[in-house]
Amino acid sequence: MILIRLRDLREDADYTQEYLAHLLNVTQRTYSRYENGERAIPLSSLCTLADFYQTSVDYLLNRTDCKNPYPPVKKHCTKKQGNHH
């Protein structure tokens, strides 16, 4: 899968592949392969890039045209339950 949005976001922000490769702790060649679809990008790297660009993984994967990130996940509160007899 070619991740055109990764390239577009990077070029629009004037970042180099080398800079983003450093962010992901991979080589520039590996990052280039991610952009060109020659290598699958790990989910953890997609999440890192989505956070970096302040967007969603779905946007990066072209599953939505909405560039806005999702709202943060709310943690569920659990009530402390007493002993009921």
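**Aromatic ring pairs in the predicted model**

Y31 is buried, its relative accessible area being 0%. The model analysed here is predicted. Y34 is likewise classed as buried, at 4% relative accessibility. Both Y31 and Y34 belong to helix α3 (residues 28-36), where a spacing of three residues, about one turn of the helix, separates them.

A pair of aromatic rings is described by the distance of the centres and the angle of the planes. On the pairing criterion applied, five aromatic pairs were counted. In the pair formed by Y19 and F52, the ring centres are 6.3 Å apart and the planes meet at 45°, so the geometry is tilted. Y19 is located in helix α2 (residues 17-24) and F52 in helix α4 (residues 43-53); the pair therefore ties together parts that are 33 residues apart in sequence. Y19 is partly exposed, with a relative accessibility of 42%. F52 is also partly exposed, with a relative accessibility of 27%. The aromatic pair of Y31 and Y34 is edge-to-face, with a centre-to-centre distance of 6.4 Å and an angle of 70° between the planes.

Ring pairs further join Y15, Y19, F52 and Y53 into a cluster. Y19 and F52, the two partners of the tilted pair, are thus among the members of this cluster.

A contact between a charge and a ring was also identified: R5 is positioned over the face of Y59, and the distance to the ring centre is 4.0 Å.

Terms used. Residues are numbered from 1 along each chain as its sequence is written. This is a predicted model: local features need pLDDT of at least 70, side-chain atom pairs count only at pLDDT 80 or more; totals for chains, interfaces and linings use all residues. Side-chain values use heavy atoms; hydrogens and water are left out. Rings of Phe, Tyr and Trp (its six-membered ring) pair if their centres lie within 6.5 Å; planes under 30 degrees apart count as stacked, over 60 as edge-to-face and the rest as tilted. Helices (H or I, at least four residues) and strands (E, at least two) are DSSP runs, numbered from the N terminus. Buried means under 20% relative accessible area, exposed over 50%, partly exposed in between (1.4 Å probe, protein chains only). A charge sits over a ring if NZ of Lys or CZ of Arg is within 6 Å of the ring centre and within 35 degrees of the ring normal.
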